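Please open the model in your viewer, with the sequence panel alongside, and follow the selections below in order.

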Amino acid sequence: MIVWYVCGLALLVGGLLPAAGLAARGGPVERLVGLELAAAVTALLLLVLAQAGGQSSLLIVPLVLVVLSVAGTLVFTRLLRDP
């Protein structure tokens with residue numbers, strides 16, 4: 001069980017920190033890439049934490065996050081296009 005928490009910590013340090021750094025600077029496209037990377041890493045982190053806690057009912061949360069992040073990406077790309 002502690003292995004899942006170590007894996008979650010590795011995802012936080014190895015995935016979310018670089019994604020936050022990418023989303024914090026750069027142009028609009030680079031920020032969008034950072035946001036998408038953060039959404040993917042967060043979904044993986046939620047899956048790991050649901051597995052660590054042994055609660056299969058929490059698996060719906062990452063699924064909803066993935067669906068909403070795809071919809072959010074479509075909205076942002078529409079706003080980023082040139083008029």
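In this predicted model, begin by selecting helix α2, residues 28–53, together with helix α3, residues 60–80, whose axes lie 9 Å apart and meet at an angle of about 175 degrees. Because an angle over 145 degrees counts as roughly antiparallel, α2 and α3 are described as roughly antiparallel to each other. To see the contact, show the side chains of α2 that take part, among them Leu32, Leu35, Ala39, Ala43 and Leu46, and then their counterparts on α3, including Val61, Leu65, Ser69, Thr73 and Phe76. Coloured by class, this contact of α2 with α3 comprises 13 nonpolar residues, four polar ones and one charged one.

Next, keep α3 alone and turn to its length: at 1.5 Å a residue, its 21 residues should span 30 Å, and its end C-alpha atoms are indeed 30 Å apart, so the two values agree. Which residues of α3 are buried? Select Pro62, Ser69 and Thr73; these cover an arc of only 40 degrees around the axis and therefore sit on the same side of α3. Bring α2 back into view, and the buried residues of α3 can be seen packing against α2. Rotate to the face of α3 turned away from its buried side, where the exposed residues are Leu63, Val67, Leu68, Leu74, Val75, Arg78 and Leu79.

Finally, move to helix α1, residues 2–24, and select Gly14 within it. Gly14 is exposed, because its relative accessible area is 55%, and the cut-off for exposed is over 50%. Adding Val41 to the selection gives a C-alpha separation from Gly14 of 9.3 Å, although Gly14 and Val41 are 27 residues apart along the chain.

How values were computed
Residues are numbered from 1 along each chain as its sequence is written. This is a predicted model: local features need pLDDT of at least 70, side-chain atom pairs count only at pLDDT 80 or more; totals for chains, interfaces and linings use all residues. Side-chain values use heavy atoms; hydrogens and water are left out. Axes are lines fitted to C-alpha atoms, for helices over the stretch in contact, and angles run from 0 to 180 degrees between N-to-C directions. Helices (H or I, at least four residues) and strands (E, at least two) are DSSP runs, numbered from the N terminus. Angles under 35 degrees count as roughly parallel, over 145 as roughly antiparallel, 65 to 115 as roughly perpendicular and the rest as oblique. Contact means heavy atoms within 4.5 Å. Ala, Val, Leu, Ile, Met, Phe, Trp, Tyr, Cys and Pro count as nonpolar, Asp, Glu, Lys and Arg as charged, and the others, Gly among them, as polar. The expected span of a helix is 1.5 Å times one less than its number of residues. Buried means under 20% relative accessible area, exposed over 50%, partly exposed in between (1.4 Å probe, protein chains only). The arc is that of the directions from the helix axis to the C-beta atoms.
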